[in-house]
Amino acid sequence: MKAWRAETFGKPSDVLKLVDIDVPVPGPGEALLRVLATNIGLPDRMMLEGRYFLTPTPPVTPGQEVVGIVEVAGPGYPFPVGRRVISGVNFTAGSGGLAEYCLSSGDGAVTAADDMSDEQAASFLGTYHVAYVGLVNRARAKLGETLLVLGGTGGTGSTAIRLAKALGLNVIATVRDAKKAAFCREQGADHVIELGTGSMSEQVRALTGGKGADIVYDTVGSPLVEQALDAIAIGGRYVLIGFAGGSDFPKIEPFKILMHGISVTGALHSVRTPDERDEAITVLGRLFSEGKITVPIDRVVSFADVPEALERLGGGVNGKLAARVSHPGPGPL
């Protein structure tokens, strides 16, 4: 099968090569997926550059999340052959999603809704399901509360804005320049703060009558964590999502948690109870069908154009990128 792989770390267009490798064999709780479309995210570029903690050594086959057809189901995999599923993939073991076939773990896979396109589905798990875990399951967001989204134009940040508005929250988003502010407002942000135009925390408190944000949704990490801590309300919830601004999650000292009177949590779609998963599938599916949420797709690229797409990440993309790998319908291995 064809797969994009890097044998060394470096610039994506320099190190990423389209190679022939063996089709992986699923084990217990796994399935072999024929990949239809793959989400392309900043972690994929970070993997290739040697900045991602889950892929410390090459070779690397990037691609963390796919939508695909179950070709072979191992013992205990929850979905039958022929089902279209959204799944995280075992990229740490070399079975990344930027390939014609990959392995799906049953623990994090969900059925793709019939009314959702492949491109939308490929990005849905790591955006809306993560946001649902963070905002609903962990932060226990309440109607009318204020959410501060750090990194509002990224794929995870922009979908958090949309879900928050569907849940009845007030949303403040941060952007790096004025050109990106309009995009955040299109997603539903009530207020947008352009970084570098003054104190972020002072602006957040001015917008909240001095209280601060009830919830911080941090996709950026270290560069903004201190300002975000100054902008959070007493009793606020700080949700760790990613670290687009660095190479690892920010360190928040227990003393600061104590002095700010806040809680700190994290959100992963793969770390939740079965009841939480089933609730998210139901609620998110309904919101999508009603048109209240959608994945903002910046661009869909062909499988051949993956290296060029990866070069655009890190500030040049609003929303999500997706790669079309194959098309629905039966096909031999």
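Domain bounds here come from an automatic or database domain assignment. With that settled, I looked up the split: domain 1 covers 2-123 + 295-324, and domain 2 covers 128-266. Taken over C-alpha atoms, the centres of domain 1 and domain 2 are 27 Å apart.

I noted that this is a predicted model, where local features need pLDDT of at least 70, side-chain atom pairs count only at pLDDT 80 or more, and totals for chains, interfaces and linings use all residues. Residues are numbered from 1 along each chain as its sequence is written, and side-chain values use heavy atoms, with hydrogens and water left out.

Next, the contact (heavy atoms within 4.5 Å). Domain 1 brings 14 residues to it and domain 2 brings 16.

How much area is buried between domain 1 and domain 2? I found about 1100 Å², with carbon and sulfur atoms giving 60% of it. Buried area is the accessible area (1.4 Å probe) that two parts lose on being put together, summed over both. On the side of domain 1, F53, P296 and N318 lose the most area to domain 2, together 38% of what that side buries.

I then checked for salt bridges (a side-chain nitrogen of Lys or Arg within 4 Å of a carboxyl oxygen of Asp or Glu) and counted 0 between the two domains.

Last, the whole chain. Its C-alpha trace spans about 60 × 40 × 35 Å along the principal axes. I also counted 10 helices and 15 strands, which are DSSP runs (helices H or I, at least four residues; strands E, at least two), numbered from the N terminus.
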